[in-house]
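Biologist: I have the sequence and the coordinates open. Let us go through them together, one question at a time.

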Amino acid sequence: MSYKTTAKAGPRRDLAILRKRLAGYGLLSPALILMITMLALPIMALVTLSFWTQNGFELDRSFTLANYWKMIKPSADPTVWFGIPFYLDYPVPAILMIKSLTMSLVATIAVITLAYPMAYFLAFRVTRNKAAWIILMTIPFWTSYLLRVFSWKIMLGFNGAINSGLIYVGLIDAPLEFLLYNPTAVTITLAHAWVAFAVLPIYVSLEKIDRSLLEAASDLGDSRWRRFRRITLPLSMPGTLAASLLVFIPTVGDYVTPELVGGTGGTMIGSLVQKMFMSLNNAPMGAAISITMMAVITLLVLIFLTLVGYWRMRARRA
Amino acid sequence: MMRHIDALWVYAVLFVAFLYGPVMLLPLFSVNDGNFATFPLRGFTLRHYASMWDNGAMMSALANSTRIAIIVAVTSTALAISAALAITRYRLPGAAPIVGFMMLPLVIPSIVISVALLVIIIRFLGIPLSLWTVTAGHILICLPFSLSVLMARMEGFDPSLEEASRDLGCSAWKTFWRVTFPLAMPGVISSLLLGFIISFDEFVIAFFLTGTESTLPVFLFSQLRFPNKLPGTLALGSLILVGSTLLVILAEVIRRRGVQSNNPGDI
């Protein structure tokens, strides 16, 4: 291990650089090997499994696209879900996929809408105890996700805090049943569980904005709103986009929230994957659904980023 | 300060109330003298906490979680120290994509990580599930966090201190222990604490990869289905919340102090 290369001419210098690089890769290798054996290889194993099939208790190891075909196999009579006809033989994965994406999208929009003013407040208004405010935003992200979701079950439940509180103060006579176990409850809980996560990336990009640009805009006669729209908002876009992706990507496959507050109506694609691997005993189908989910998320993220890049180019030309 | 109180301040206060409100219900109802989480409150009691000690299953889950979290925190921090050194101190070709690859667990839904590990462990390697498989899964998801904390810390102090040590005749090994490691200490401690919290609170991977024994979140999840277990669950949940909050504050304070002072004399 050497920290410094001494500049000597010719092959000895090349040798020194080579030795230094080898030492560097040597230091990197334990973590890298762990990541390869525990992330890359398992994902490859999952892909392999998705091309196999389960026949009862037997695993058929011959290569087939049957699991993927099953998800898109057309059928003459449609399954109608929310007024949308699905002409599929086995529409459950497709419906749950669209449902999960929609719920995550709504939750992500809610998260960004809620987090942006808070991040703005942290960046531009807080002058004293800034570290304390930031820690206050950090704590919820690190403390148990399970418990944060569970607290919504206590809030919204049939015998929960909201219902019993409203009955106690006399506003309602019987518990409201629509609070828990539906997609709305899942979306609200997701938004709440992830909102703290979005504040920090947005805050960092707001904090980086050169204050003299804002002063210049004001001096040249921009109103506060116009200044925000033309300078603050565009310059904080990178952090805002990063935050929205960091919320959207993991929430699509979330398992805990739909399980605890979703009931039968609020299930998402993650619940289906879990069922395939556990109670339904069809791991290859579960693998195919997981891979499809990852592929769909990746594709959507790429489309989104391309669109953002295109808008930027257009905005720059205008 | 009066003139600073405006709509944005009101919003910030409401935001914090929204963020912390629901979670505060757990400690509130855990000291309520009743068996349901309902208003009106019936009076103060600590009996739900007292009865926790007699719960053998809960105590063994607590012991399992603590053991796993310690192993995970130490292993992921050790791996991350070595990797962060390599990335920040050596100009390695291909370092950027490697770091990107190592950060992947942050954006892959944990259910996919869980089933992928489950498949390779059971179907391809034929290893039975145990607390060790949970430990392995947790190291994987803690590594990106440890790595980013330690990389930030190691970029934060001057490499010329290490060069000086080498020039003055210390071996690379001695330089690491006498210069690099003490300077990286705030990062190391916060990586250990964060690794501990992440592993201790993690549910999905533990749920998929555990054998017959359970970790604390898995135990907690199994209790959530039974309404009569609710008071005990609330008490346990409140203790977990308080414990992890204290650890997070400690980790953040140490990390921030480390970032602010680049003077080795301050540590």
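Biologist: Which pattern does chain B follow along the sequence?
Modeller: This is a predicted model. Chain B has 11 helices and zero strands. Read from start to end, the pattern is α-α-α-α-α-α-α-α-α-α-α.

Biologist: What does the C-alpha trace of chain B span along its principal axes, about how many Å?
Modeller: Chain B has 267 residues, and 46% of them count as buried. Of its contacts with a separation of 6 or more, 78% join residues 24 or more positions apart. Along the principal axes, the C-alpha trace spans about 70 × 65 × 30 Å.

Biologist: Over which residues of chain B is the pLDDT below 50?
Modeller: Chain B averages a pLDDT of 86, and 94% of the residues score at least 70. One stretch falls below 50, and it has eight contacts in the model beyond near neighbours in sequence. That stretch is residues 261-267.

Biologist: What ipTM does the model score?
Modeller: Two scores are given for the model. The pTM is 0.86. The ipTM is 0.85.

Biologist: Which helix gives the largest share of the side of chain A that touches chain B?
Modeller: On the two sides, 73 residues of chain A are in contact with 72 residues of chain B. The chain A side divides into 51 nonpolar, 16 polar and six charged residues. Its largest share is 20 residues, and they come from helix 1 (residues 11-50) of chain A.

Biologist: Is helix 1 of chain A parallel or oblique to helix 6 of chain B?
Modeller: The axes of helix 1 of chain A and helix 6 (residues 131-155) of chain B come within 10 Å. They cross at roughly 120 degrees. That angle makes the two helices oblique.

Biologist: How many nonpolar residues are in the contact of helix 1 of chain A with helix 6 of chain B?
Modeller: The crossing is left-handed. Helix 1 of chain A brings Ala31(A), Leu34(A), Met35(A), Met38(A) and Leu39(A), and helix 6 of chain B brings Ala136(B), Ile139(B), Leu140(B) and Leu143(B). By class there are no polar and no charged residues, and the nonpolar count is nine.

Biologist: Are helix 12 of chain A and helix 5 of chain B roughly parallel or oblique to each other?
Modeller: Helix 12 of chain A covers residues 269-277, and helix 5 of chain B covers residues 110-124. Their axes come within 10 Å and cross at roughly 15 degrees. Angles under 35 degrees count as roughly parallel. The two helices are therefore roughly parallel.

Biologist: How many polar residues are in the contact of helix 12 of chain A with helix 5 of chain B?
Modeller: This crossing is left-handed. Gly270(A), Val273(A), Gln274(A) and Phe277(A) of helix 12 of chain A meet Ile111(B), Val115(B) and Leu118(B) of helix 5 of chain B. Five of these residues are nonpolar and none is charged, and the polar count is two.

Biologist: Within chain A, are helix 4 and helix 7 oblique or parallel to each other?
Modeller: Helix 4 (residues 130-142) and helix 7 (residues 183-207) of chain A have axes 8 Å apart. They pack at an angle of about 135 degrees. Helix 4 of chain A and helix 7 of chain A are therefore oblique.

Biologist: Which residues of helix 7 of chain A make the contact with helix 4 of chain A?
Modeller: The two helices cross in a left-handed sense. Helix 4 of chain A contributes Met137(A), Pro140(A) and Phe141(A). The contact has seven nonpolar, no polar and no charged residues. From helix 7 of chain A come Ala196(A), Phe197(A), Val199(A) and Leu200(A).

Biologist: Is Asn129(A) buried or exposed?
Modeller: Asn129(A) sits in the loop between helix 3 (92-124) and helix 4 of chain A. Its C-alpha atom is separated by 26 Å from that of Ser144(A), 15 residues apart along the chain. A residue with 12 or fewer C-beta neighbours is exposed. Asn129(A) has 10 inside 10 Å, so Asn129(A) counts as exposed.

Biologist: How far apart in space are Leu88(A) and Ser75(A), C-alpha to C-alpha?
Modeller: Leu88(A) lies in strand 4 (residues 84-88) of chain A. Leu88(A) is partly exposed, with 18 other C-beta atoms within 10 Å. Beyond four places in sequence, Leu88(A) touches residues including Ile72(A), Ser75(A) and Ala94(A). Leu88(A) and Ser75(A) are 13 residues apart in sequence, and their C-alpha distance is 4.7 Å.

Conventions: Residues numbered from 1 in each chain as written. Chains lettered and ligands numbered in written order. Predicted model: local features only at pLDDT ≥ 70, side-chain atom pairs only at ≥ 80, totals over all residues. Axes fitted to C-alpha atoms, helices over the stretch in contact; angles between N-to-C directions. Helix = DSSP H or I, 4+ residues; strand = E, 2+ residues; numbered from the N terminus. Parallel < 35°, antiparallel > 145°, perpendicular 65-115°, else oblique. Left-handed = near helix turned anticlockwise from the far one by under 90°. Contact = placed C-beta atoms within 7 Å. Nonpolar A, V, L, I, M, F, W, Y, C, P; charged D, E, K, R; others polar. pLDDT = per-residue confidence, 0-100. Buried ≥ 20, exposed ≤ 12 C-beta atoms within 10 Å, placed from the backbone.
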